[in-house]
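Here are some exercises to help you find your way around a new structure. Try each task by yourself, then read through the solution.

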Amino acid sequence: MSYTWKNSVEVHHQDCLAFLGNLDDESVDLVYVDPPYNIDVKMGKKNNDIVENYQQWCNEWLRECHRVLKSSGTIYLSVAQDFQHHFKILLEEIGFRWLNDIIWQRSTLNYATKYYYAQMYEPTIFATKNHDNSHTFNLDDVKIPTLHGGTTMKGAGRFSNTGMLTVNDTKNPGDVWNITSASKQNEFVDFQGQKPEKLLERIIKASSNEQDLVVDCFVGSGTTAVVSAMLNRRFAGCELDAEHYKIAVERFKDKFESPLFGQQ
Ligand SMILES: C[S@@+](CC[C@H](N)C(=O)[O-])C[C@H]1O[C@@H](n2cnc3c(N)ncnc32)[C@H](O)[C@@H]1O
């Protein structure tokens, strides 16, 4: 079963390895993945599998992601803190180059415990296929305002022609991203594990260009598909769970096939 929209978005009800196996070598510009976390949260098939099995499975689809990525391509992996170190080693073994651990500071607390500090963030690992900085990275498209609001100042920044000191009014967003959880936003489709559109927006803007191909082989509620289409990127992805596939397709149709589309 598959859903397609305007020859630019396709979502398949399929296993990740079967889906990736159908993609050509070096055909993808950006991979975003948010796989099942293998911790005690019900999210697809791979939860609470023994660590060796989980790692072996991740190794298989990550190698496929490496194969399908163009040399200018990047991969972003949202993972559980519990497996962050495993994934970094795995990425390096496969040939990726690690660049950042992005800390998404959630606005909701999911892991309350009295035995250790509550986990308030989710990591997203950012890595490239190339090792020479020739990957797509549109920093200007994701810069954020500086605190001072871009006013001219004395005593900091660089000199302008007037002799005053000017300071840039935007800056690199850094690797700690404070973004409101999807469950607190209108976009929420009542899907546990739904990532906020703002998170994907920054990733897709920074690491792809219009008409580039974005791939997500763990579609869930379809956040990557929706944001890719909003930003005029092509999208291909898959989801194994029939119920989740349906949620993703319905969410996409509600947004892009509605008679009101384009007027919002
Ligand atoms: C953490 S969720 C993704 C959430 C998504 N990023 C969002 O914003 O809604 C992971 C998804 O991977 C799916 N999944 C698990 N095993 C899979 C497999 N072998 N192939 C494809 N999808 C799979 C699960 O059903 C689940 O919907």
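**Exercise 1. Find the loop that holds N133, and decide whether N133 is buried or exposed.**

Keep in mind that this is a predicted model. Start with the place: N133 sits in the loop between strand 6 and helix 4 (139-142). Next, look at the backbone: phi of N133 is near 65°, a positive value in a residue other than glycine. Finally, count neighbours. A residue is called exposed if 12 or fewer other C-beta atoms lie within 10 Å of its own. N133 has 9 C-beta neighbours inside 10 Å, so N133 counts as exposed.

**Exercise 2. Do the same for N7: which loop is N7 in, and is N7 buried or exposed?**

N7 belongs to the loop between strand 1 and strand 2. Its phi is near 55°, a positive value in a residue other than glycine. Now the count: 7 other C-beta atoms lie within 10 Å of N7, so N7 is exposed.

**Exercise 3. Take stock of the whole chain: how many helices and strands does the protein chain have?**

Run through the secondary structure and you get seven helices and 13 strands. The protein chain has 264 residues, and 35% of them count as buried. For a feel of how the chain folds back on itself, take the contacts between residues at least 6 apart in sequence: 65% of these join residues at least 24 apart.

**Exercise 4. Work out the strand order of the open sheet of nine strands.**

Walk across the sheet from one side to the other, and the order reads 1-2-13-12-3-4-6-5-11, with mixed pairing. The edges are strand 1 (2-5) and strand 11 (176-178), each of which pairs on one side only. From one strand to the next, the twist averages 15°.

Now check some of the pairs. A reminder first: strands of a sheet pair through backbone hydrogen bonds, either parallel or antiparallel.

- Strand 2 (residues 9-13) runs parallel to strand 13 (residues 234-239), with five bridges joining them. Here H12 has C238 as its bridge partner.
- Strand 5 and strand 6 run antiparallel and are joined by eight bridges. Look for W104, whose bridge partner in strand 6 is E122.
- Strand 5 is also joined to strand 11, in parallel, by three bridges. I103 is partnered there with V176.

**Exercise 5. Explain why strand 3 (residues 28-33) is described as largely enclosed.**

Check the strand residue by residue: six of the six are buried, so strand 3 is largely enclosed by the rest of the structure. Then look at its partners. Strand 3 runs parallel to strand 4 (residues 69-78), with five bridges between them, and L30 stands opposite T74. Strand 3 also pairs with strand 12 (residues 213-216) in the parallel sense, over two bridges. In that pairing, V31 meets V215.

**Exercise 6. Which residues have the most contacts inside the largest nonpolar core?**

This core has 54 residues, and the ones with the most contacts inside it are V31, C217 and A225. Helix 2 (residues 51-68) gives the most to the core, with six residues. Now zoom in on C217. Setting aside neighbours within four places in sequence, C217 is in contact with C16, F19, L20, V33, W61, G237 and C238.

**Exercise 7. Describe how helix 2 and helix 3 are set against each other.**

Two packed helices are described by the angle between their axes and the distance between the axes. Here the axes of helix 2 and helix 3 come within 10 Å and cross at roughly 45°. To name that angle, note that 35 degrees is the upper limit for roughly parallel and that roughly perpendicular runs from 65 to 115. Helix 2 and helix 3 are therefore oblique to each other. Their crossing is right-handed. To see where they touch, pick out Q55, C58, N59, L62, R63 and H66 of helix 2, along with H86, L90, L91 and I94 of helix 3.

Terms used
Residues are numbered from 1 along each chain as its sequence is written. This is a predicted model: local features need pLDDT of at least 70, side-chain atom pairs count only at pLDDT 80 or more; totals for chains, interfaces and linings use all residues. A residue is buried if 20 or more other C-beta atoms lie within 10 Å of its own, exposed if 12 or fewer, and partly exposed in between; C-beta atoms are placed from the backbone. Helices (H or I, at least four residues) and strands (E, at least two) are DSSP runs, numbered from the N terminus. Two strands pair if DSSP finds at least two bridges between them. A nonpolar core is a set of buried Ala, Val, Leu, Ile, Met, Phe, Trp, Tyr and Cys residues joined through C-beta atoms within 7 Å. Two residues are in contact if their C-beta atoms, placed from the backbone, lie within 7 Å. Axes are lines fitted to C-alpha atoms, for helices over the stretch in contact, and angles run from 0 to 180 degrees between N-to-C directions. Angles under 35 degrees count as roughly parallel, over 145 as roughly antiparallel, 65 to 115 as roughly perpendicular and the rest as oblique. A crossing is left-handed if the near helix is turned anticlockwise from the far one by less than a right angle, and right-handed if clockwise.
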